[in-house]
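User: Please take a close look at one helix in this model, and at how its inward-facing residues fit into the rest of the chain. I am new to this, so please explain each term as you use it.

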Amino acid sequence: CPHPRNLDDEQLRALADKGGIVGLNFFPAFLSAEKSGSTELIIRHMKHICNTAGIDCLSLGSDFDGFDMACEIDGCDKLPLLRRAMETEFSTMEIEKICSLNALRFFRDCAN
């Protein structure tokens, strides 16, 4: 989605090259020009980030407290829906990386 606050592909690759992570934001205006916040669009963004920067660069960001637009995944209670949707596009290990392992690695690396 060509939103000015989204990272471009060059920025995604630079983060990956440095061992950084991207916390995917679920804000509908960041997902689609139509400002739709569907799980399908979240998955589409996940796939783009992984295809551009690699699986180790992606993490969940959400920003649940930072927007008030309608979004299918609009709170922590809906994360199991996203997890199930991810199963159609990602392996179990990839899902674990996106949901927790990448962020844990990043924070451990920063602490050292």
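Analyst: A compact globule of 112 residues would have a radius of gyration near 13 Å, and because the chain has 13 Å, it agrees with that expectation; the radius is taken over C-alpha atoms, and the rule is 2.2 Å times the number of residues to the power 0.38. This is a predicted model, in which local features need pLDDT of at least 70 and side-chain atom pairs count only at pLDDT 80 or more, while totals for chains, interfaces and linings use all residues. Residues are numbered from 1 along each chain as its sequence is written, and side-chain values use heavy atoms, with hydrogens and water left out.

Along its principal axes, the C-alpha trace spans about 40 × 30 × 25 Å. The chain has 5 helices and 2 strands, where helices (H or I, at least four residues) and strands (E, at least two) are DSSP runs numbered from the N terminus. Read from the N terminus on, these elements follow the order α-β-α-α-β-α-α. Of the 112 residues, 38% are buried, a word that here means under 20% relative accessible area, with exposed meaning over 50% and partly exposed lying in between (1.4 Å probe, protein chains only).

The helix to look at closely is α4, which covers residues 79-86 and whose buried residues are L82, A85 and M86. They cover an arc of only 100° around the axis, so they sit on the same side of α4; the arc is that of the directions from the helix axis to the C-beta atoms. These buried residues pack against α3, β2 (58-62) and α5 (92-111).

L82, which lies in helix α4, is buried, because its relative accessible area is 1%. If residues up to four places away in sequence are not counted, L82 touches F26, T39, I42, I43, M46, L60 and I73, where contact means heavy atoms within 4.5 Å. Between L82 and N25, which are 57 residues apart in sequence, the C-alpha to C-alpha distance is 13 Å.

Contacts between residues that are far apart in sequence also appear in the chain as a whole: among contacts between residues at least 6 apart in sequence, 71% join residues at least 24 apart. A buried residue from one of the partners of α4 can be set beside L82. N102 lies in helix α5 and is buried, because its relative accessible area is 2%. Leaving aside neighbours within four places in sequence, N102 is in contact with I21, I55, D56, C57, L58 and K97.

Another partner of α4 is α3 (residues 39-53), which also packs with helix α1 (residues 9-17) at an angle of about 65°, their axes being 9 Å apart. The contact is made by D9, L12, R13 and A16 of α1 and by H48, I49, T52 and A53 of α3, and these residues divide into 4 nonpolar, 2 polar and 2 charged. Within this contact, R13 touches T52 and A53, not counting residues up to four places away in sequence. R13 and A53 are 40 residues apart along the chain, yet their C-alpha atoms are separated by 4.9 Å. Unlike the buried L82, R13 is partly exposed, because its relative accessible area is 41%.

How values were computed
Axes are lines fitted to C-alpha atoms, for helices over the stretch in contact, and angles run from 0 to 180 degrees between N-to-C directions. Ala, Val, Leu, Ile, Met, Phe, Trp, Tyr, Cys and Pro count as nonpolar, Asp, Glu, Lys and Arg as charged, and the others, Gly among them, as polar.
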